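Load the model in your viewer and switch on a cartoon with side chains. The stops below go in order; select what each one names.

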Amino acid sequence: LAPFRYKNGFLPVIWEAQLATLAVPHTGMAVTVDIGNLNDIHPANKQDVGKRLALWALARTFGHSGVVYSGPLYHSMRIEGGRVRLFFDFLGGGLVSRDQKALVGFTIAGADQKFVKAAAVLEGDSVVVSSPDVVQPVAVRFGWQVEVELNLSNAAGLPASPFRTDNW
């Protein structure tokens, strides 16, 4: 599902469920967080959705090598003092900000489980997330908002999927 001003606020949970289906053999996923329209439930850009699904099919079903078929998918995290370093699969030539602006859509929480907006910076093949309001972070969420236009992508132009490191 592409971003839209849904009234129920469940979109991040649906994205999480879609991501979980990748554990099912012979499935693929086209992340569309970058091609939606917050004001139109049926965004016009269907072509990129088809192209992204075709990349999955070429690589995973037809065995074409060298095809970058996914945007960054969260892999793991490491707490480094007052910040969290995130690691991803499917770097596709490296992590980038799609619009060359500061990364958006990250929140961070401590043991109190209260998420606050966080700064996120690219450091090599990882993203470092922090906030002065969370001294001892334990969890990070990305794209866990209903209205956000995410810009974390790989160099191949495929967007990162929303995720959370917690299960609260």
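Does Asp166 count as buried or exposed, and at what relative accessibility? Select Asp166: at 9% relative accessibility it counts as buried, where buried means under 20% relative accessible area, exposed over 50% and partly exposed in between, with a 1.4 Å probe and protein chains only. This is a predicted model, in which local features need pLDDT of at least 70 and side-chain atom pairs count only at pLDDT 80 or more, while totals for chains, interfaces and linings use all residues. Residues are numbered from 1 along each chain as its sequence is written, and side-chain values use heavy atoms, with hydrogens and water left out.

**From Asp166 to helix H1**

Keep Asp166 and add Arg164, its salt-bridge partner, with the closest N and O atoms 3.8 Å apart. A salt bridge here is a side-chain nitrogen of Lys or Arg within 4 Å of a carboxyl oxygen of Asp or Glu. Arg164 also forms a salt bridge with Glu16, the closest N and O atoms being 2.8 Å apart. Because Arg164 lies in strand S10 and Glu16 in helix H1, this pair ties together parts that are 148 residues apart in sequence. Glu16 is partly exposed, at 26% relative accessibility. Helices (H or I, at least four residues) and strands (E, at least two) are DSSP runs, numbered from the N terminus.

Now select H1, residues 11–20, whose buried residues are Leu11, Pro12 and Trp15. Look down the axis of H1: these buried residues fall within an arc of 100°, so they line one face of the helix. The arc is that of the directions from the helix axis to the C-beta atoms.

**The four-stranded sheet**

Next, select S1 (residues 73–80) and S2 (residues 83–89), antiparallel strands joined by seven bridges. Strands pair if DSSP finds at least two bridges between them. Tyr74 has Phe88 in S2 as its bridge partner. In the hairpin, two residues lie between the strands, and Gly81 takes a positive phi near 65°.

Add S7 (residues 126–130), which pairs with S2 in the antiparallel sense over five bridges; Leu86 stands opposite Val127 there. With S6 the open sheet has four strands in the order S1-S2-S7-S6, with antiparallel pairing. S1 and S6 (119–123) stand at the edges with a single partner strand each, so one side of each is left without a neighbour in the sheet.

**Charges on the hairpin**

Show Arg85 and Glu80, whose side chains meet in a salt bridge (2.8 Å, N to O). Arg85 is buried at 11% relative accessibility, whereas Glu80 is partly exposed at 22%. Salt bridges that share partners join Arg78, Glu80, Arg83, Arg85 and Glu123 into one network. The structure holds nine salt bridges.

**Aromatic rings**

Rings of Phe, Tyr and Trp (its six-membered ring) pair if their centres lie within 6.5 Å; planes under 30 degrees apart count as stacked, over 60 as edge-to-face and the rest as tilted. The count comes to seven aromatic pairs. Select Tyr69 and Phe90: the ring centres are 5.2 Å apart and the planes at 70°, so the pair is edge-to-face. Tyr69 is buried at 14% relative accessible area, and Phe90 is partly exposed at 29%.

Then select Phe88 and Phe163, with centres 5.8 Å apart and planes at 75°, so this pair is edge-to-face. Phe88 lies in S2 and Phe163 in S10 (residues 163–164), so the pair ties together parts 75 residues apart in sequence. Both Phe88 and Phe163 are buried. Finish by adding Tyr74, Phe106 and Phe142, which form one aromatic cluster with Phe88 and Phe163.
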